[in-house]
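Q: Please take a close look at the aromatic rings here and walk me through what surrounds them. I am new to this, so plain explanations of the terms would help.

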Amino acid sequence: PTRRTALVQIAATALLAGCTPLTLKPLREESVSAKSLGYKIDARLVDASAFPSYAKGQVCSNCRLAARTDGELLPCNAYPGYSVAAGGWCASYEVR
């Protein structure tokens with residue numbers, strides 16, 4: 001096969017296996033961008049007095065900014081290049 005055909009076959013195999021072409025780093029609560037939006041890996045730990053927009057049940061897995069809703073770590077449009085915890089929360093939360 002040609003190189004192009006081989007690359008297409010490799011990409012198709014990777015997609016079928018559930019692989020992604022880009023591995024995202026998990027977002028850490030200590031990072032500057034996470035702190036600026038009050039990101040918590042566990043939404044139950046959000047300080048509601050500091051973030052009055054937070055409501056029980058709001059988590060990354062049901063946020064419109066999450067690129068998908070399955071899995072423990074999700075790509076997030078609020079944090080390009082990083083993944084967020086499915087059960088996490090930040091002030092950018094938008095109802096899906």
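A: Let's start with a trio: Phe 51, Tyr 54 and Trp 89 make up one aromatic cluster. Rings of Phe, Tyr and Trp (its six-membered ring) pair if their centres lie within 6.5 Å; planes under 30 degrees apart are stacked, over 60 edge-to-face, and the rest tilted. Keep in mind that this is a predicted model, where local features need pLDDT of at least 70 and side-chain atom pairs pLDDT 80 or more, while totals for chains, interfaces and linings use all residues. Residues are numbered from 1 along each chain as its sequence is written, and side-chain values use heavy atoms, leaving out hydrogens and water.

The whole structure holds three aromatic pairs. In one of them, Tyr 39 meets Tyr 79 edge-to-face, with 5.9 Å between the centres and 65 degrees between the planes. Tyr 39 sits in the loop between H2 and strand S2 (73-75), and Tyr 79 in the loop between S2 and strand S3 (82-85), so this pair ties together parts 40 residues apart in sequence. Helices (H or I, at least four residues) and strands (E, at least two) are DSSP runs, numbered from the N terminus. Tyr 39 is buried at 3% relative accessible area, and Tyr 79 is buried at 3%. Buried means under 20%, exposed over 50%, and partly exposed in between, using a 1.4 Å probe and protein chains only.

Back in the cluster, the ring centres of Phe 51 and Trp 89 are 5.8 Å apart with planes at 70 degrees, so this pair is edge-to-face. Phe 51 belongs to the loop between H2 and S2 and Trp 89 to the segment after S3, so parts 38 residues apart in sequence are tied together. Phe 51 is partly exposed, at 23%, whereas Trp 89 is buried, at 1%.

Beyond four places in sequence, Trp 89 touches several residues, including Leu 37, Tyr 39, Val 46, Phe 51 and Tyr 54; contact means heavy atoms within 4.5 Å. Trp 89, Tyr 39 and Tyr 79 are also among the residues that touch the most other members of the largest nonpolar core, which has 20 residues. Such a core is a set of buried Ala, Val, Leu, Ile, Met, Phe, Trp, Tyr and Cys residues joined through side-chain atoms within 4.5 Å.

Tyr 39 has one more partner to meet: Glu 29, ten residues away in sequence, is 6.0 Å away in space, C-alpha to C-alpha. Glu 29 is in contact with Tyr 39, and also with Lys 40 and Ile 41, among others.
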